[in-house]
Amino acid sequence: MSTAVDVTTYREEFPLTNTWSYLNHAAWGPFPTRTIEAVQEYAASWGSPPDVPGDYGANVIQEVKEGVAELAGGKADNVAFVSSLAEGMNLLGNGLDWQAGDNVLIPRHEFPSVVYPFLNLQRKGVEVRFIEKNDEGRTDLGRFEAAMDDKTRAVAISHIEWADGYRNDLKKLGDICRARDIELFADCTQSLGIHPINLEETGVTAAAAHGYKWLLSSFGNAVVVFNEGAVERIYPTYVGRLSVDANDEDHNWQLNLRTTAQRYQTGGQNIMSLTAMRASLTMLREATTEAMTAQTIKLTDQLAQGLESSGYQVISDRSPEHRSQIVTFSTGDRERNAALIGELEERKISVALRGGCVRVSPFFYNNEEDVETLLEALPPL
Ligand SMILES: Cc1ncc(COP(=O)(O)O)c(C=O)c1O
C-alpha cells in the first residue's frame, strides 16, 4: 500500500485552505466539499420526507458503521452511536456491575469528558483513583500497573492526549488490563481517523470518539466501537425500541436485547449528522490512515525542527513510540503564548492554546507551506 497522499487532490476539497493556514484539527475538523454537498442534499430532501428513499437511513447507518469499524480495526456490528464522548464514557462506565469499594484508574489530567462520568459513579461507592504523570510530565503505564489491585475494575484513558498529543500505548496497557480482567475504556477522539487503531489486536474493551475533529463530521455524533465479546459485558443502561429484537407492533413486551451493539441505540438516530460522517469517511478511507499519519508526521517534524532552530520549546514527546499529529510548543512564558494565538489568528493562522502552550494540529491535506507560514509568522525570541 502506498503511503504517499496526493495532498493537492484533497486540498481542493477544503475551501478554507484558500484563506487560512488551518492547523487546528484537534479542536475542529472542517467539512470537505463532498460533506457540505451531502448535508445540503439531505436537508433539501427532508423538505419532502415521502420522497426520501425508505432505506436511506438504514444504508447511511450501515455504511458509517463499516467505515468506522475499518478505521478502528473492529467489526461493524460492534459500533454504537452516541451524542458525545462523555455520553460514550457514561454508556461504558454505567454498564458495569460495580460493587461498593471497586475502583477505576484515570490519569489526573485527562479530558473532562472522560473523568466526570466516573466521578458520577462515586454515589455507588466507586473510588476514582487519579494517576499522576511521571517526572518528565508524561503518562506512565508503570504507574497504572502499580495502582491496580483486586478491586480495580476499569481504566479510562485517552489514546492521544488532548493537551500535548502524547500517544499512549493501548496495546501495552490493554495487555496489562486483560491479564487482570480489568476493562479498558479508550477515548480515541484525538486518534480515530488519523492514527491507525487495531482494536481487535489490543485488550481495549471499547474505543470511543467524537466526530467533530478527525472524523470531519461536526458535533453531536460520537461512536463507541466495542471489542469482540465486550457487548456482553457492558449492560445497556438506556434501552428503547431499537435495542430489542422486536418490531413496533409487537406488544408481548419481551426485553430481547439485540446481540450486537445495536442494543445501545434507543430511538430514531441523527441521520443528518450521520450523512456528514458517511461522506467524510469516504475521504478518510480513500486516503488511508497510514498515509495520513505519514503526512502529518512529516509536517510535525518540519514544525518541530523549525521551532527548535528559532529557540521555541517543543513540549510534546517526539519519540516514535509516543509522537502524534499534535505538537505543543512554548515561548517559555504562558502569557506570551496566550497572546501569540490572537496574533497568529490575525494573520489567518489557526492554532489553539492548551495547557498554557500553543497547540498545532495539522491534518493530511495540510502542506509544507502551511507549516512554513506559521514558522515565518513567529516573532523572534
Ligand atoms: C480527548 C478529547 N476527548 C473528548 C473531547 C470531546 O468530548 P465531548 O464529546 O464530551 O464534548 C475532546 C474535545 O476537545 C477531546 O480533546
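Trainee: Two residues are in contact if their C-beta atoms, placed from the backbone, lie within 7 Å; on that basis, what do the buried residues of H4 pack against?

Mentor: Keeping in mind that this is a predicted model, the buried residues of H4 pack against the helix H5 (112–119) and against five strands, namely E2 (79–82), E5 (152–158), E6 (183–187), E7 (206–210) and E8 (222–226).

Trainee: And how many residues of H4 are buried?

Mentor: Helix H4, spanning residues 85–94, is mostly covered, with 8 of its 10 residues buried; among them are Leu85, Ala86, Met89, Asn90 and Leu92.

Trainee: Switching to H2, which residues are buried there?

Mentor: Thr35, Ala38 and Tyr42 are the buried ones in H2, and they lie on the same side of the helix because they cover an arc of only 60° around its axis.

Trainee: What do they pack against?

Mentor: The buried residues of H2 pack against helix H9 (271–287), whereas Glu37, Gln40, Glu41, Ala43 and Ala44, on the other side of H2, are exposed.

Trainee: How far does H2 reach from end to end?

Mentor: Its 13 residues, 33–45, reach 18 Å from the first C-alpha to the last, which is close to the 18 Å expected at 1.5 Å a residue.

Trainee: New topic: is Arg108 buried or exposed?

Mentor: Arg108, in the loop between strand E3 (103–107) and H5, counts as exposed because it has 11 C-beta neighbours inside 10 Å, and a residue is exposed if that number is 12 or fewer.

Trainee: Which residues does Arg108 touch?

Mentor: Leaving aside residues up to four places away in sequence, Arg108 touches Phe130, Ile131, Glu132 and Lys133.

Note on methods: Residues numbered from 1 in each chain as written. Predicted model: local features only at pLDDT ≥ 70, side-chain atom pairs only at ≥ 80, totals over all residues. Helix = DSSP H or I, 4+ residues; strand = E, 2+ residues; numbered from the N terminus. Expected span 1.5 Å × (residues − 1). Buried ≥ 20, exposed ≤ 12 C-beta atoms within 10 Å, placed from the backbone. Arc of directions from axis to C-beta.
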